[in-house]
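Subject: Structure handover

Hello,

Here is the structure we talked about handing over. Please look through it first; my notes follow below.

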Amino acid sequence: MSNRNQNINLISYNDILIGAGVSLAIPVFAWIIDIIINNYPITSSLLKEIHIKNPILYIIDFLPIIISIIIYLYTRKREKDKKQFQKIIEQRDADINRNAIFAKQIGEGKYDVKYNILDKNDILGKSLIVMRDNLLANNQKEKEENWISDGKDIIQNILRIRNNINTLAYDVIVQLIKYIDVLQGAFYVYEEESEKLVNIATYAYNRRRYINQEFKIGHGLIGQCAYEKDIVYRTEIPSDYATITSGILGDKKPSSILIVPLITEEKLQGVLEFASIKNEFSEITIVFLKELGEIIARTLYNLKMNQKTEKLLQESQQMTEELKENEEELRQNAEEMRATQEELEISNRKLGAQIKEVENAQKRLHSLLENASEVISIYDNELKLKYQSPSVYKILGYTPEEMMSGKDMDRLTAKGEAAMKEMFDLLLSDSDTPRTIQYTYIKKDGKKIHIETTGRNLLHDSAIDGIILNSQDITERKRAEKEERMKSKMQSLSENSLDLILRMNTKGQFFYANPIVEDFIGVKSREVINSRLEDLSIDESLVNFFKDAIRHIRKTNQKLNQEITITSLSKGQRIMSFNAIPEFNENELETVLFVGHDITEAKQIEMEIKEKNNKINESINYAQRIQSSILPSNTIIQEYLPNSFIFYLPRDVVSGDFPWFFKKEDIIYIAAVDCTGHGVPGALLSFIGYFQLNNIVDHDVNYTAGQILDKLHFGVRTTLKQDRVDAEARDGMDIALVRIDFKKKELQFSGAHRPLFLLRKDELLEYRGNRKAIGGIPHRKKAENDFENHLVEFKKGDKIFFFSDGMPDQVGGPDDRKYSSQRIRDNILGNKDLTMQQYNSLFANDFKKYKGKNKQIDDVLLIGIEF
């Protein structure tokens with residue numbers, strides 16, 4: 001920098017001198033011109049005379065000085081501008097370097113680095129700060145999302161594997177307490193019958209607590225949370241709030257509590273309660289628990305429904321005792337056959353695996369004996385490694401230098417390190433006795449091996465002057481010992497097996513036969529061994545199978561499974577399932593192991609099951625024909641409601657859902673009925689609903705839709721004897737009933753748990769049904785309300801839709817979620833210009849696509865009408 005300034009100063013002085021020199025020529029030139037013009041004689045006083053006569057020459061004489069001053073000032077200004085420009089360049093270089101370092105730190109993930117803007121015009125620096133802040137925010141958001149996702153995965157795994165509500169509740173509350181880092185929590189389940197929240201799991205201070213608590217809806221913080229169906233978060237704890245005593249903290253009240261409702265499909269399933277002594281609950285924790293609440297609620301709902309379904313199934317089985325006996329016998333036979341097949345497969349797999357393990361053990365033992373080697377190490381009296389043999393690289397993967405730098409102890413397990421220290425202590429205290437230990441060592445490639453080390457104290461030996469250790473890899477020996485034990489177990493298993501086990505070479509000579517062979521071929525096992533196939537008088541079909549199996553295995557080297565029928569002297573004709581397993585020695589087929597399992601009884605059971613299945617299917621198909629005969633004809637419905645459709649998809653052959661249609665005088669009745677259950681039990685209930693509805697509307701045409709459901713409600717109860725004190729059957733049905741009067745352009749709707757959607761131009765209106773079912777055991781202490789009757793004056797172009805719960809409850813889609821009523825609403829609103837037949841195709845295709853490969857869980861019924 002100083003050299004550059006010197007150069008600039010030098011150039012400035014040169015410019016001034018050159019300018020001054022050039023400007024000196026101006027007065028000289030003016031003198032000469034004046035002398036020539038006035039023809040002055042050349043004298044010593046000539047200059048003085050011409051200046052006296054022409055005073056302007058004085059001014060001209062000052063021109064070199066003026067010009068020099070101007071040049072000097074101009075040069076100084078130029079130097080100042082250059083310095084200023086240089087300073088700006090240097091500042092820009094410094095800003096760029098600082099920005100580059102800052103950008104590198106951002107790239108390395110150091111988002112918390114502080115950075116100050118020195119120049120308000122540093123746009124790049126400001127942009128980098130904005131980018132850092134955005135990355136920091138995104139990083140934090142990603143961490144929070146990952147934390148929520150990981151927590152959901154933990155809880156969802158518990159929800160998948162737990163089928164018992166109490167076990168599920170305890171495991172969930174324990175994992176959540178650990179995950180969100182609080183001291184205590186409780187799991188409450190909502191019981192609809194008693195309308196109470198019951199504590200079924202409490203965990204506090206790292207142990208389970210057994211606390212029997214119940215809360216009514218609206219009582220206490222738990223009841224308040226359930227009533228409002230929203231999270232309750234308090235940092236100011238009420239004085240009557242119950243606490244759980246800890247042996248360490250004593251009876252200390254929490255600093256904050258969080259209560260989360262478990263809601264699904266707007267129904268309360270339970271409540272989670274958490275209390276923290278240390279900290280308040282973070283916003284991300286509250287969001288996590290709120291999202292998780294719906295998942296847990298859905299699982300609770302499914303478990304409750306499963307329990308309810310099992311109970312209803314038992315009740316329906318009592319009504320069809322003969323079918324129950326057939327199904328139970330069928331189930332038992334199927335279980336026995338499956339258990340027999342599983343035992344056979346397990347036996348075959350174990351035998352094949354054991355044979356393979358014995359072969360591998362023989363190979364590994366042979367390789368171990370051929371390549372035996374050891375590592376030699378010498379330690380001084382302070383237990384510092386002073387020598388390591390080069391063989392350590394081959395055995396442990398480390399060079400001698402790496403072992404000398406500390407890898408001799410770093411790669412030991414905690415147990416191995418303790419064993420090594422104990423051996424050194426014993427060698428130092430007793431130098432005459434060698435010591436041998438075994439331990440696990442982690443090689444450089446991360447593989448664990450077993451090492452046997454023998455140590456001797458040779459500190460007194462001047463040639464060694466240390467404790468010498470001879471170490472060898474005994475991993476293969478350990479494996480060989482284990483495989484030898486497995487071989488003995490396999491031999492014992494074979495001798496006591498009820499399966500026929502034979503081993504022969506490719507020429508048909510037997511090397512092994514277990515004792516059971518006598519029961520099948522009438523020859524003792526000791527007589528079979530070392531005999532040839534042709535030397536024994538055994539069933540011809542068995543001989544042919546042995547020969548064909550050997551030819552097949554010699555050609556393909558693949559295992560063969562085949563069923564054959566043989567004649568046994570002691571057991572008669574038997575059906576055998578044989579596995580022919582090739583056994584190789586150094587990639588060459590040496591022997592074939594034949595394992596035969598008697599499946600005669602299983603085959604007989606299978607035939608009986610098939611026969612009983614056929615009878616059951618015939619009965620169900622006949623029931624389907626009966627049910628189909630009472631369902632309304634599409635031709636008749638289209639005659640009175642030409643712009644309508646019925647999307648009907650039973651889950652089984654017979655259905656618990658059915659469409660109902662009736663016309664009397666000028667009134668049209670149509671309904672979507674969903675009976676409890678599906679299949680045969682649901683179909684039985686459908687007959688009750690069908691005939692009850694026909695009798696009610698045929699009796700009086702003036703009944704409103706709500707009054708019809710009231711009559712149906714009490715009729716079903718009477719038929720199923722649910723109005724008795726000792727009643728147990730809780731079967732019933734959900735229904736969406738529409739009464740249409742075309743003369744008055746009036747529509748009446750009433751529903752039991754089912755809604756009606758009305759599409760009028762661009763608006764979709766919903767009329768909700770009562771939150772109670774048709775039938776069921778009445779509440780002894782609570783009066784029931786009548787079914788509500790909705791009155792609608794319909795207009796031309798109005799479209800109505802009503803359906804059972806089979807479609808919204810179907811699980812499918814990419815996230816295995818329910819189809820939901822909202823999806824039905826969206827399909828209706830999003831395609832408001834479709835005709836009824838186009839709506840039918842839309843829902844049929846959308847339901848099939850959404851269900852995908854999932855099993856249909858219930859009967860599906862959807863009815864649409866356009867006026």
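Two residues are in contact when heavy atoms of theirs lie within 4.5 Å. Helices (H or I, at least four residues) and strands (E, at least two) are DSSP runs, numbered from the N terminus. A residue is called buried under 20% relative accessible area, exposed over 50%, and partly exposed in between (1.4 Å probe, protein chains only).

The model is predicted, with local features requiring pLDDT of at least 70 and side-chain atom pairs pLDDT 80 or more, while totals for chains, interfaces and linings use all residues. Residues are numbered from 1 along each chain as its sequence is written, and side-chain values use heavy atoms, leaving out hydrogens and water.

Overall

The protein has 22 helices and 30 strands. It comprises 867 residues, 41% of which count as buried. Among contacts with a separation of 6 or more, 59% are between residues 24 or more positions apart. The accessible surface (Shrake-Rupley method, 1.4 Å probe; for residues, only the protein chains shown count as cover) is about 49800 Å², and carbon and sulfur atoms hold 50% of that surface.

Helix 12

Helix 12 covers residues 414-429, and its length can be checked. The expected span of a helix is 1.5 Å times one less than its number of residues. For the 16 residues of helix 12 that gives 22 Å, and the end C-alpha atoms are 23 Å apart, which agrees.

Which residues of helix 12 are buried? They are Gly 416, Ala 419, Met 420, Met 423, Phe 424 and Leu 427. These residues lie on the same side of helix 12, because they cover an arc of only 135° around the axis. The arc is taken from the directions that run from the helix axis to the C-beta atoms. An α-helix has 3.6 residues a turn, so residues three or four places apart point the same way. On the other side of helix 12, the exposed residues are Ala 414, Lys 415, Lys 421, Glu 422 and Ser 429.

The buried residues of helix 12 pack against helix 11 (400-410) and against four strands: strand 8 (375-379), strand 10 (435-442), strand 11 (448-458) and strand 12 (466-473).

Loops around these strands

Ile 464 is in the loop between strand 11 and strand 12 and is partly exposed, with a relative accessible area of 24%. Leaving aside neighbours within four places in sequence, Ile 464 is in contact with Ile 378, Lys 386 and Leu 458. Its C-alpha atom is 9.5 Å from that of Asp 380, a residue 84 positions away along the chain.

The loop between strand 11 and strand 12 also holds Asp 465, and Lys 386 is in strand 9, so their pairing ties together parts that are 79 residues apart in sequence. The pairing is a salt bridge, with the closest N and O atoms 3.9 Å apart. The term stands for a side-chain nitrogen of Lys or Arg within 4 Å of a carboxyl oxygen of Asp or Glu. Asp 465 is partly exposed at 40% relative accessibility, and Lys 386 is partly exposed at 38%.

Leu 383, in the loop between strand 8 and strand 9 (385-388), has a positive phi of about 65° although it is not a glycine. Lys 229 also has a positive phi, near 55°, without being a glycine; it is in the loop between helix 7 (220-228) and strand 5 (232-234).

Other salt bridges

How many salt bridges does the structure hold? There are 30. One of them joins Lys 196 and Glu 214 at 3.5 Å, N to O. That pair links strand 2 (residues 196-204) to strand 4 (residues 214-216), the two residues being 18 apart.

Glu 784 and Arg 717 form another, their closest N and O atoms being 2.5 Å apart. Glu 784 is in the loop between strand 25 (774-775) and strand 26 (790-793), while Arg 717 is in helix 20 (residues 705-719), 67 residues away. Glu 784 is partly exposed, at 35% relative accessible area, whereas Arg 717 counts as buried at 5%. Separately, Glu 266, Glu 766, Arg 768 and Arg 825 are joined into one network by salt bridges that share partners.

Regards
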